[in-house]
Amino acid sequence: MPLPPVLANRLSIPVVASPLFIISNPDLVIAQCKAGVVGSFPALNARPEGALDEWLDRITTALAEHDAEHPEHPCAPYAVNQIVHKSNDRLETDMAVCEKYKVPVVITSLGARQEINDAVHRWGGIVLHDVINDTFARKAIEKGADGLIAVAAGAGGHAGVTSPFALVQEIREWFDGPLLLSGAIAGGNAILAAQATGADLAYVGSAFIATEEANAAEGYKRAIVEGAASDIVYTNLFSGVHGNYLRKSIVAAGLDPDDLPESDASKMSFGSGSSARYKVWRDVWGAGQGIGAIKEIVPAADLIDRFKAEYDHARRRLSLPT
């Protein structure tokens, strides 16, 4: 099944940049879209609440100006991530702002809700829902999502434990719509591999933390560049939902990464949870297992250029048409 028009023939490489809590901002989204990948950000990143309108005005204006100046190379579309869990008390207000700007792609997380999907469809957008298993995938499509993001083992932040091969295979047995794959994808070879498994697009997050535009502390960016898969710890302590975090940041928070307690999933939180010693997400840093492929801090456009070169090289090596 072909990709929906908002995505078809709009990308320079088959990549959607995942929304990174705190880190994704207008500068990063604009750079990503101009370079030909879908740029995204969590609505909750725009703080205070009224800032979402300002962010969307800035993004849409910058992309429109670029398209007017470069009609031969229009920008990729942008996406806004909405946490649809009941703990998000901004959802209704933020959805109204998204409707005002007719956001082309909405990424929903932590619960599939038909009324949210219906609202996006009314203004002409599409909904991609992230899932960690086949059961959640079926529920999302039943409730009207247009596409799925398979969050497999190794993904940064809130991630599943299923192999990407198994997860994509199970979903593809019954779903032929837009399918994205997330999990340790940080180079052009991995992007092509995502397509080889049966996904349409790769969903890339941690690599963009180490970009100049990203709203991440310098120490966070350096930890990405210097880290490897062995530096990633999987725990539900920090938000109530299992996810992958950098060992170095857990140690800095005064915790033992090899002896972390279990959290109460009923008390999940998606803001900057805190204790006397640290603030989650600000001090305890999420990252995926693919960070070993990230060797330097660069502008987002340069990172995407590297992805393109590696992707094209991999296709030539396998004698695939470009």
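Biologist: Before we look at any sheet here, when do two strands count as a pair?

Modeller: Two strands pair if DSSP finds at least two bridges between them. Strands of a sheet pair through backbone hydrogen bonds, either parallel or antiparallel. Keep in mind that this is a predicted model. Here, three strands form an open sheet in the order β7-β11-β10, and their pairing is antiparallel.

Biologist: Which strands stand at the edges of that sheet?

Modeller: β7 (157–158) and β10 (232–235) do; each has a single partner strand, so one side of each is left without a neighbour in the sheet. For β10, the antiparallel partner is β11 (residues 243–246), joined to β10 by four bridges. You can find one register point at T235, whose bridge partner in β11 is G243.

Biologist: And where would I go for parallel pairing?

Modeller: Try β9 (201–204). Strand β1 (residues 15–17) runs parallel to β9, with three bridges between them, and V15 stands opposite A202. Strand β8 (residues 179–182) also pairs with β9 in the parallel sense, again over three bridges; there, S182 stands opposite Y203.

Biologist: How should I read the two faces of β9: covered or open?

Modeller: Start with the general idea. In a regular strand the side chains alternate between the two faces of the sheet. In β9, L201 and Y203 lie on one side and A202 and V204 on the other; all are buried, and both faces are covered.

Biologist: Let's turn to the pocket. What lies closest to the centre of the largest one?

Modeller: The largest pocket holds about 1100 Å³ of space. It is lined by 50 residues, and S109, D130, G156, G157 and H158 are the closest to its centre. By class, the lining has 31 nonpolar, 16 polar and three charged residues. Several elements each supply at least two lining residues, including β3 (78–83) and α5 (134–142). The largest share, three residues, comes from β5.

Biologist: S109 caught my eye in that list. Is S109 buried or exposed?

Modeller: The cut-off for buried is under 20% relative accessible area. S109 has 6%, so S109 is buried. This residue is found in strand β4 (residues 105–109).

Biologist: Which polar contacts does the S109 side chain make?

Modeller: There are contacts with the side chain of N81 at 3.0 Å and with the side chain of D130 at 2.9 Å. Leaving aside residues up to four places away in sequence, S109 touches N81, Q82, I83, V84, H85, H129 and D130.

Biologist: N88 sits in a loop; what does N88 touch?

Modeller: With the same sequence neighbours left out, N88 touches L44, Q82 and I83. Its loop runs between β3 and α3 (91–101), and N88 is buried, with a relative accessible area of 9%.

Biologist: What should I look for in the backbone geometry?

Modeller: Most residues other than glycine have a negative phi, and most peptide bonds are trans. Now look at R47 and P48: a cis peptide bond joins them, with omega about 0 degrees. P48 lies in the loop between β2 (39–42) and α2 (51–69).

Biologist: Where are the positive phi values?

Modeller: I22 has a phi near 70 degrees and lies in the loop between β1 and α1 (26–34). At 28% relative accessibility, I22 counts as partly exposed. A184 has a phi near 65 degrees and sits in the loop between β8 and α7 (188–197). A184 is partly exposed too, at 35%.

Note on methods: Residues numbered from 1 in each chain as written. Predicted model: local features only at pLDDT ≥ 70, side-chain atom pairs only at ≥ 80, totals over all residues. Heavy atoms only, no water. Buried < 20%, exposed > 50% of the residue type's maximum accessible area, 1.4 Å probe, protein only. Polar contact = N/O pair within 3.5 Å; in protein donor to acceptor, adjacent residues only side chain to side chain. Contact = heavy atoms within 4.5 Å. 1 Å grid on protein atoms, 1.4 Å probe; cavity = no way out; pocket = protein on both sides within 12 Å on 5 of 7 lines; lining within 4 Å. Points joined across faces, edges and corners; volume = space filled by probe spheres on them. Nonpolar A, V, L, I, M, F, W, Y, C, P; charged D, E, K, R; others polar.
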